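Biologist: I am new to this structure and would like to look closely at one part of it, beginning with a single residue and the residues that touch it. Please take me through that part slowly, and then lead me outward into what surrounds it.

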Amino acid sequence: MDERLDWIWLSLLFNPGSNGPKRVLETVGSAKAFREMEPEERRKLGFLRKQTLEGAERLSLARAELIADRCRELGIRIVTMGDPEYPERLKSIYGPPAVLYTLGEISGLDEEAVLAVVGTRNETDYSNSVTGWLCKGLAEAGAVVVSGCALGCDTSAMVGALQGGGRVIGVLGCGMDVDYPKGSGKLKRQILRQGGALITELPPESPVRGKYFPTRNRILAGLSIGVLVTQAPQRSGALITADHALENGRDVFCVPPYSIFDPAYYGVVEYLRQGAIPVFSPDDVIGQYTGQFPEKLDPSRISGDYVKQKREDGRQERISRPKPEPAPPEPPPARTREELDQLNREAVAGFDETQRLVYTNLEPEPCYVNELAERTGLGIGRVLSVLTELELEGVAESVGGSRYRLTGRKG
């Protein structure tokens, strides 16, 4: 039997962002060995939650077979944590995906200068121009650009890198066959034509849901050697990617704002204050890695200047750019702590020690991830992963800008 089915089966047992599959690989050796274990043997492992143990007994391999069949129909490749082409960089983070569903080529990424470029969906004209110009230069110099395949800065980054003739990796927060952002099919096809790839940890037909995007961001940081943030207000998922990068020892770069008074850049200002590397040209990023990748990176290949690039901006129209979507509404006011604890009592009863620790340190009012890390004594990456699990349980929610708050479980 194809062992990919075992890995798909394993991925369905855990929420995206969980470190469970990695613990299984380290402890048991393979997904197949784990699936074939007796229930009592699984319980003895000591790190599995009750609902995971029960799910392992109920979940049929037939579900994995349906997903594999759908992937074959769509031409989607299944790359598992046990495959040699699975990126080692990604495997080293907390909560690596058990399975990557891919279109295009991802082998050899560990030998490339992969740079994640992220930012807000609601980009300004300034950020649109700067992001595209920087990524064109990064691609010309030989870097691989990875981005979140969303609207705004993500799209500007990918379009710019494609114009520079570079390889682009788009990481989706939905199933590969879902048209998101709507109308982005032409851009995705161009990515594949130029030797890039599309990646998602979600099986085909997985819909667009807000909870998937924070977990998607850990993949961006995990694949790359550095993360460039081109625009981010305090309420921006791009900052979650930067947090993951810091937790995993990656560099963080930021484009200084055109105005320090514009709240659309407050998140960038915060990171620059904390020591992020300021970026004024592609060389500011490439220069950090030419010694590490002497055969891959060559800054002398970066062409033209900013004024010349502005004259050539019409070229961007050759690759379609989806229309921006309206900003999401502000979250409603939270209830009192007592009301929320009452709503969440059933979920909390099933939490493990770490989940309970993070939950008890959350408040109805938003607090920053780094504050939670200080309160709990956990690393930022671990806190982010647990927060994702709490989000999926419906007891916590992200309010943007690396801030989370307690919320009440529905139903």
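Modeller: Two residues are in contact here when heavy atoms of theirs lie within 4.5 Å of each other. Please keep in mind throughout that this is a predicted model.

With that cut-off, we can begin at Leu109, which sits in the loop between strand E2 (99-104) and strand E3 (114-118). Leaving out residues up to four places away in sequence, Leu109 touches Pro87, Arg89, Val114, Arg167, Ile169 and Leu223. Leu109 has a relative accessible area of 2%, and because buried means under 20%, this loop residue counts as buried. Glu88 is 21 residues away along the chain, and the C-alpha atoms of Leu109 and Glu88 are 8.8 Å apart.

One of the residues that Leu109 touches, Leu223, leads us outward, for the number 223 closes the range of helix H11 (212-223). Helix H11 also takes part in the lining of enclosed space, of which the model has two cavities of 30 Å³ or more. The largest cavity has a volume of about 40 Å³, and its lining is made of Pro16, Leu172, Gly173, Glu201, Leu202, Tyr212, Thr215, Arg216 and Ile219. Sorted by class, that lining has five nonpolar, two polar and two charged residues.

The second largest cavity holds about 30 Å³ of space, and the residues around it are Gly17, Pro214, Thr215, Arg218, His244, Leu384, Ser385 and Thr388. Helices H11 and H19 are the elements that give two or more residues to this lining. By class, the lining of the second largest cavity divides into two nonpolar, five polar and one charged. Thr215 appears in the lining of the largest cavity and again in that of the second largest cavity.

From here we can follow two of the lining residues' neighbourhoods in turn. His244, which lines the second largest cavity, belongs to helix H12, where Ala238, Leu239, Ile240, Thr241, Ala242, Asp243, His244 and Ala245 are buried. Helix H12 (residues 238-247) is thus mostly covered, with eight of its ten residues buried. Just after this helix, Gly249 takes a positive phi of about 75°.

The other direction is along helix H19 (residues 380-393), whose axis comes within 10 Å of the axis of helix H17 (residues 353-361), the two crossing at roughly 90°. That angle falls in the range of 65 to 115 degrees, and H17 and H19 are therefore roughly perpendicular to each other. Where they meet, H17 brings Thr354, Gln355, Val358 and Tyr359, and H19 brings Arg382, Val386, Leu387, Glu389 and Leu390. By class, this contact has five nonpolar, two polar and two charged residues.

Helices H11, H17 and H19 come together again in an open space, since each supplies at least two residues of the lining of the second largest pocket, as do helix H1 (3-13), helix H2 (20-27), helix H5 (50-58) and helix H6 (61-74). About 1200 Å³ of space lies in this pocket, and of the 49 residues that line it, Ser11, Leu12, Leu13, Phe14 and Asn15 are the closest to its centre. The lining has 21 nonpolar, 13 polar and 15 charged residues.

Returning to H11, the loop between strand E6 (197-200) and this helix holds Glu205, which has a positive phi of about 75° although it is not a glycine. Glu205 has a relative accessible area of 55% and is therefore exposed, the cut-off being over 50%. A second residue other than glycine with a positive phi, near 55°, is Cys149, placed in the loop between strand E4 (144-147) and helix H9 (153-163). Cys149, by contrast, is buried, with a relative accessible area of 4%. Another loop to look at runs between strand E5 (168-171) and helix H10 (185-193) and contains Pro181, which is joined to Tyr180 by a cis peptide bond with omega of about -10°.

A last stop is Leu138 in helix H8 (residues 125-141), buried with a relative accessible area of 1%. Not counting residues up to four places away in sequence, Leu138 touches Leu115, Val117, Ala143, Val145, Leu228, Pro282, Val285 and Ile286.

Methods. Residues numbered from 1 in each chain as written. Predicted model: local features only at pLDDT ≥ 70, side-chain atom pairs only at ≥ 80, totals over all residues. Heavy atoms only, no water. Axes fitted to C-alpha atoms, helices over the stretch in contact; angles between N-to-C directions. Helix = DSSP H or I, 4+ residues; strand = E, 2+ residues; numbered from the N terminus. Parallel < 35°, antiparallel > 145°, perpendicular 65-115°, else oblique. Nonpolar A, V, L, I, M, F, W, Y, C, P; charged D, E, K, R; others polar. 1 Å grid on protein atoms, 1.4 Å probe; cavity = no way out; pocket = protein on both sides within 12 Å on 5 of 7 lines; lining within 4 Å. Points joined across faces, edges and corners; volume = space filled by probe spheres on them. Buried < 20%, exposed > 50% of the residue type's maximum accessible area, 1.4 Å probe, protein only.
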